[in-house]
Amino acid sequence: IALLPFSRLDTTVPKPLGRGFNRMPESIGYQILKRRVELKLEQTDLANMFGVSHNVVGTWERNEAMPNSKHRPKLVQFLGQVPWDIDQSTFGGRLEHARLLKGLSIDELAKLIGATKAKISRLERNIYKPKPDVLLKLNKTLNL
């Protein structure tokens, strides 16, 4: 800190946080916008991928709305990662995370393993523990 003889200004500067550290995590909307620009896509291109209008993509990018649950598997595939926190310390959290990374909806996973949508939903919410045969099918399908 250098004080000028004619000034009483005393400033301090915080230590740099370092490479790769982000003080504010990126919003999901910003992640969508960033990825779309990286891929040189227009909002209409992304809208066609998701089966929505370009106005909807704009609301996502401005964080005015979140993609609904039916769009989330495609969103994870588009971004290459799950953009929100999922507690993976539970079986349900690990199941949901793996399902999303595979780009599967609850309906699609249920059909793949011969279960009901309700059963998969309850598994993800840790309301129901999987029976050994269901667990085997889930492991085969999602590599849990």
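**Helix packing and salt bridges in an all-helical chain**

In this predicted model, helix α2 (residues 43-50) and helix α3 (residues 54-61) have axes that come within 8 Å of each other and cross at roughly 100 degrees. Angles of 65 to 115 degrees count as roughly perpendicular, so α2 is roughly perpendicular to α3. On the α2 side, the contact is made by Gln43, Thr44, Leu46, Ala47 and Phe50. On the α3 side, His54, Val57, Gly58, Trp60 and Glu61 take part. Sorted by class, the residues in this contact of α2 with α3 are five nonpolar, four polar and one charged.

A closer look at α2 helps to place this contact. The buried residues of α2 are Leu46, Ala47 and Phe50. These residues lie on the same side of α2, because they cover an arc of only 105 degrees around the axis. A general feature of helices is useful here: an α-helix has 3.6 residues a turn, so residues three or four places apart point the same way. The partners of the buried α2 residues are α1 (28-38), α3 and α4 (72-79), against which they pack. Leu46, Ala47 and Phe50 thus appear in two lists, as the buried residues of α2 and among the residues that contact α3. Just after α2 comes glycine 51, with a positive phi near 70 degrees.

Attention now turns to the charged side chains. The count of salt bridges comes to four, and three of the pairs, including two that involve helix α1, are described here. One of them joins the side chains of arginine 35 and glutamate 38, with an N to O distance of 3.4 Å. Arginine 35 and glutamate 38 are separated by about one helical turn, because they are three residues apart in helix α1. Arginine 35 is partly exposed, with a relative accessible area of 28%. Glutamate 38 also counts as partly exposed, at 45% relative accessibility.

Glutamate 61, already met in the contact of α3 with α2, forms a salt bridge with arginine 36 at 2.6 Å, N to O. This pair links distant parts of the chain, with glutamate 61 in helix α3 and arginine 36 in helix α1, 25 residues apart. How much relative accessible area does glutamate 61 have, and is this residue buried or exposed? Glutamate 61 has a relative accessible area of 11%, which means that it is buried. Arginine 36 has a relative accessible area of 10%, so this residue is buried too.

A further salt bridge brings together the side chains of glutamate 124 and arginine 99, at 2.5 Å from N to O. Here, too, distant parts of the chain are linked: glutamate 124 belongs to helix α7 (residues 117-124) and arginine 99 to helix α5 (residues 91-101), 25 residues apart. Both glutamate 124 and arginine 99 are buried.

These local details sit within a chain whose secondary structure comes to eight helices and zero strands. Read along the sequence, the pattern is α-α-α-α-α-α-α-α. The protein chain has 144 residues, of which 29% are buried. Among contacts between residues at least 6 apart in sequence, 50% join residues at least 24 apart.

How values were computed
Residues are numbered from 1 along each chain as its sequence is written. This is a predicted model: local features need pLDDT of at least 70, side-chain atom pairs count only at pLDDT 80 or more; totals for chains, interfaces and linings use all residues. Side-chain values use heavy atoms; hydrogens and water are left out. Axes are lines fitted to C-alpha atoms, for helices over the stretch in contact, and angles run from 0 to 180 degrees between N-to-C directions. Helices (H or I, at least four residues) and strands (E, at least two) are DSSP runs, numbered from the N terminus. Angles under 35 degrees count as roughly parallel, over 145 as roughly antiparallel, 65 to 115 as roughly perpendicular and the rest as oblique. Contact means heavy atoms within 4.5 Å. Ala, Val, Leu, Ile, Met, Phe, Trp, Tyr, Cys and Pro count as nonpolar, Asp, Glu, Lys and Arg as charged, and the others, Gly among them, as polar. Buried means under 20% relative accessible area, exposed over 50%, partly exposed in between (1.4 Å probe, protein chains only). The arc is that of the directions from the helix axis to the C-beta atoms.
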